Amino acid sequence: MRGTLGLKPIQAISTESYVSMSDHLDQLELQLLGSAGAWICGKQFTLADIGMMAILERLREGNWLDLLVEPRPNVSRYWAALKTRNSYQKGCRGFDHPLVFKSTKR
């Protein structure tokens, strides 16, 4: 089949994506550890938190939370706090990406 990737390039892309997201979440874990509040910038919920909300929601849709979020206790607590926000309820719940595997885990 022309124009499709073989298994090795797909594995390489997946591995690179996993490593990059792991690094990003490791940095978030450290930021949250040193934060003076529940959010990235402390007690103030900011645009940085909104951006992470969207990223973590996409990880949820792809069933990556167990592998990427749950091993990081600060990120895990942060994700739990994000899901309680009215902005998550209005902006994310019920808006699953139609091309992404549907997860039942919220």
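Is W39 buried or exposed? W39 is buried, with a relative accessible area of 11%. This is a predicted model, and the values below are computed from it.

**Overall make-up**

The chain has five helices and zero strands. Along the sequence, the pattern reads α-α-α-α-α. Of the 106 residues in the chain, 29% are buried. Contacts with a sequence separation of 6 or more were also sorted by distance along the chain. Residues 24 or more positions apart account for 63% of them.

**Helix packing around α4**

Helix α4 spans residues 73-84 and packs against α1, which covers residues 7-34. Helix α4 also packs against α2, residues 47-61. The geometry of the two contacts is set out here.

| Helix pair | Angle between axes | Axis separation |
|---|---|---|
| α1 and α4 | about 80° | 8 Å |
| α2 and α4 | about 100° | 10 Å |

Angles from 65 to 115 degrees count as roughly perpendicular. The angle of about 80° therefore makes α1 and α4 roughly perpendicular to each other. The angle of about 100° places α2 and α4 in that class too, so they are also roughly perpendicular.

Which residues make the contact of α2 with α4? On the α2 side they are A48, D49, M52, M53, L56, E57 and R60. On the α4 side they are V75, Y78, W79 and L82. By class, this contact has eight nonpolar, no polar and three charged residues.

The contact of α1 with α4 is made as follows. L25, L28, E29, L32 and L33 in α1 meet P73, N74, V75 and Y78 in α4. These residues divide into seven nonpolar, one polar and one charged. V75 and Y78 of α4 appear in the contact with α1, and V75 and Y78 are also listed in the contact with α2.

**Aromatic rings and R85**

The structure holds four aromatic pairs. One of them joins W39 and F45. How are these two rings arranged? A pair of aromatic rings is described by the distance of the centres and the angle of the planes. For W39 and F45, the centres are 5.0 Å apart and the planes meet at 85°. Planes over 60 degrees apart count as edge-to-face, so the pair of W39 and F45 is edge-to-face.

F45 has 16% relative accessibility. Buried means under 20%, so F45 counts as buried. W39, at 11%, is buried as well. W39, F45 and Y78 form one aromatic cluster. Y78 thus belongs to this cluster and to the contact of α1 with α4.

R85 addresses two of these rings. The charged end of R85 sits over the ring of F45, 3.5 Å from its centre. R85 also lies over the face of W39, at 5.3 Å from the ring centre.

**Two loop residues**

S35 lies in the loop between α1 and α2. At 15% relative accessibility, S35 counts as buried. S35 touches I40, C41 and G42, leaving aside residues up to four places away in sequence.

N63 sits in the loop between α2 and α3, the latter covering residues 65-68. What is the sign of phi at N63? Phi of N63 is positive, near 60°. Most residues other than glycine have a negative phi. N63 is a residue other than glycine with a positive value. At 40% relative accessibility, N63 counts as partly exposed.

Terms used
Residues are numbered from 1 along each chain as its sequence is written. This is a predicted model: local features need pLDDT of at least 70, side-chain atom pairs count only at pLDDT 80 or more; totals for chains, interfaces and linings use all residues. Side-chain values use heavy atoms; hydrogens and water are left out. Axes are lines fitted to C-alpha atoms, for helices over the stretch in contact, and angles run from 0 to 180 degrees between N-to-C directions. Helices (H or I, at least four residues) and strands (E, at least two) are DSSP runs, numbered from the N terminus. Angles under 35 degrees count as roughly parallel, over 145 as roughly antiparallel, 65 to 115 as roughly perpendicular and the rest as oblique. Contact means heavy atoms within 4.5 Å. Ala, Val, Leu, Ile, Met, Phe, Trp, Tyr, Cys and Pro count as nonpolar, Asp, Glu, Lys and Arg as charged, and the others, Gly among them, as polar. Rings of Phe, Tyr and Trp (its six-membered ring) pair if their centres lie within 6.5 Å; planes under 30 degrees apart count as stacked, over 60 as edge-to-face and the rest as tilted. Buried means under 20% relative accessible area, exposed over 50%, partly exposed in between (1.4 Å probe, protein chains only). A charge sits over a ring if NZ of Lys or CZ of Arg is within 6 Å of the ring centre and within 35 degrees of the ring normal.
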